[in-house]
Amino acid sequence: MDAQAATARGQEGPAPQVWVELADDQSVTAELLARIKQPSSGEWWCELRLTVWAELHLEGGKVVPEPCEVVFKAPARLVTPIDGTDYSAVPTRRPGPQTHDRLAAEFTGRWSLQRLPTAVGHKPRPVLHYETCWLGDREPTLTLDDARRALFEGAEPCQGCGAERLNELRHPPGTGSVRHW
């Protein structure tokens with residue numbers, strides 16, 4: 001298996017290159033990680049990885065350039081294949097059967113439950129984090145159903161990673177119990 005096929009399947013190495021038009025009308029090459037069909041509109045999007053420069057601060061105040069990978073999504077209409085490039089190993093994600101569970105469609109990843117310390121003699125305070133949250137201190141191993149169960153049992157959803165949107169599970173919209181902006 002070549003390096004491009006390996007990355008497209010979630011392994012190390014570069015993914016196949018494409019041209020992508022950026023918001024300021026520049027066109028750059030980026031790695032194509034996945035093709036994704038949006039469940040609501042049916043529109044195709046591409047998950048891409050672009051390597052840019054970042055600052056690396058060393059001891060003594062020295063700053064040196066360092067490559068930094070940025071993963072982003074763009075509408076497929078702004079992505080152009082490069083002639084002669086094999087895209088057969090790039091994953092294609094299509095929506096499954098229509099689901100009435102909007103949260104399940106939105107939160108497809110894993111969750112973690114952090115137990116914050118409290119006063120002596122009190123139970124730790126559980127806080128639920130989505131897998132992309134930088135505040136979580138545990139490996140995300142919980143499914144959405146596990147996260148729902150944790151909320152039902154009294155866990156607090158983190159306000160930093162979007163988990164607070166799961167409050168709809170406790171207080172469905174229109175019940176008057178949700179936070180108003």
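Here a trainee and a mentor talk through how some labels on this predicted model are earned.

Trainee: Before we start, what should I keep in mind about the model?

Mentor: It's a predicted model, where local features need pLDDT of at least 70 and side-chain atom pairs count only at pLDDT 80 or more, while totals for chains, interfaces and linings use all residues. Residues are numbered from 1 along each chain as its sequence is written, and side-chain values use heavy atoms, with hydrogens and water left out.

Trainee: Okay, what makes Cys-46 count as buried or exposed?

Mentor: Buried means under 20% relative accessible area, exposed over 50%, and partly exposed in between (1.4 Å probe, protein chains only). Cys-46 comes out at 6%, so Cys-46 is buried. Cys-158, at 5%, counts as buried too.

Trainee: And how many disulfides does the search of the whole structure find?

Mentor: Zero. A disulfide needs a pair of cysteine sulfur atoms within 2.5 Å.

Trainee: What joins strand β3 to strand β4?

Mentor: Helices (H or I, at least four residues) and strands (E, at least two) are DSSP runs, numbered from the N terminus. Two strands pair if DSSP finds at least two bridges between them. Here 13 bridges join β3 (residues 44-57) to β4 (residues 63-75), so by that rule they're a pair. They run antiparallel, and Trp-53 has Pro-67 in β4 as its bridge partner. Five residues sit between the strands of this hairpin, where Gly-60 has a positive phi near 85 degrees.

Trainee: Which residue has a positive phi although it is not a glycine?

Mentor: Asp-25, with a phi of about 75 degrees. You'll find Asp-25 in the loop between β1 (17-21) and β2 (27-37). Its relative accessibility is 62%, so Asp-25 counts as exposed.

Trainee: Why is the meeting of Glu-47 and Arg-93 called a salt bridge?

Mentor: The rule asks for a side-chain nitrogen of Lys or Arg within 4 Å of a carboxyl oxygen of Asp or Glu. For Glu-47 and Arg-93 the N to O distance is 3.1 Å, so the pair fits the rule. Glu-47 lies in β3 and Arg-93 in β6 (residues 92-93), so the bridge ties together parts that are 46 residues apart in sequence. A search of the whole structure finds six salt bridges.

Trainee: Are Glu-47 and Arg-93 buried or partly exposed?

Mentor: One of each! Glu-47 has a relative accessible area of 17%, so Glu-47 is buried. Arg-93 has 39%, so Arg-93 is partly exposed.

Trainee: What is Glu-47 in contact with, leaving aside its neighbours within four places in sequence?

Mentor: Contact means heavy atoms within 4.5 Å. The partners of Glu-47 include Glu-31, Leu-33, Val-71, Lys-73 and Arg-93.

Trainee: Which salt bridge does Asp-145 form, and which does Asp-146 form?

Mentor: Asp-145 bridges to Arg-148, with the closest N and O atoms 3.5 Å apart. Asp-146 bridges to Arg-149, and there the closest N and O atoms are 3.1 Å apart. Asp-145 and Arg-148 both lie in helix α3 (residues 144-152), three residues apart, about one turn of the helix. Asp-146 and Arg-149 are also three residues apart in α3.

Trainee: How do you know whether Arg-148, Asp-146 and Arg-149 are buried or partly exposed?

Mentor: Just read the values. Arg-148 has 21% relative accessibility, so Arg-148 counts as partly exposed. Asp-146, with 25%, is partly exposed, and so is Arg-149 at 45%.
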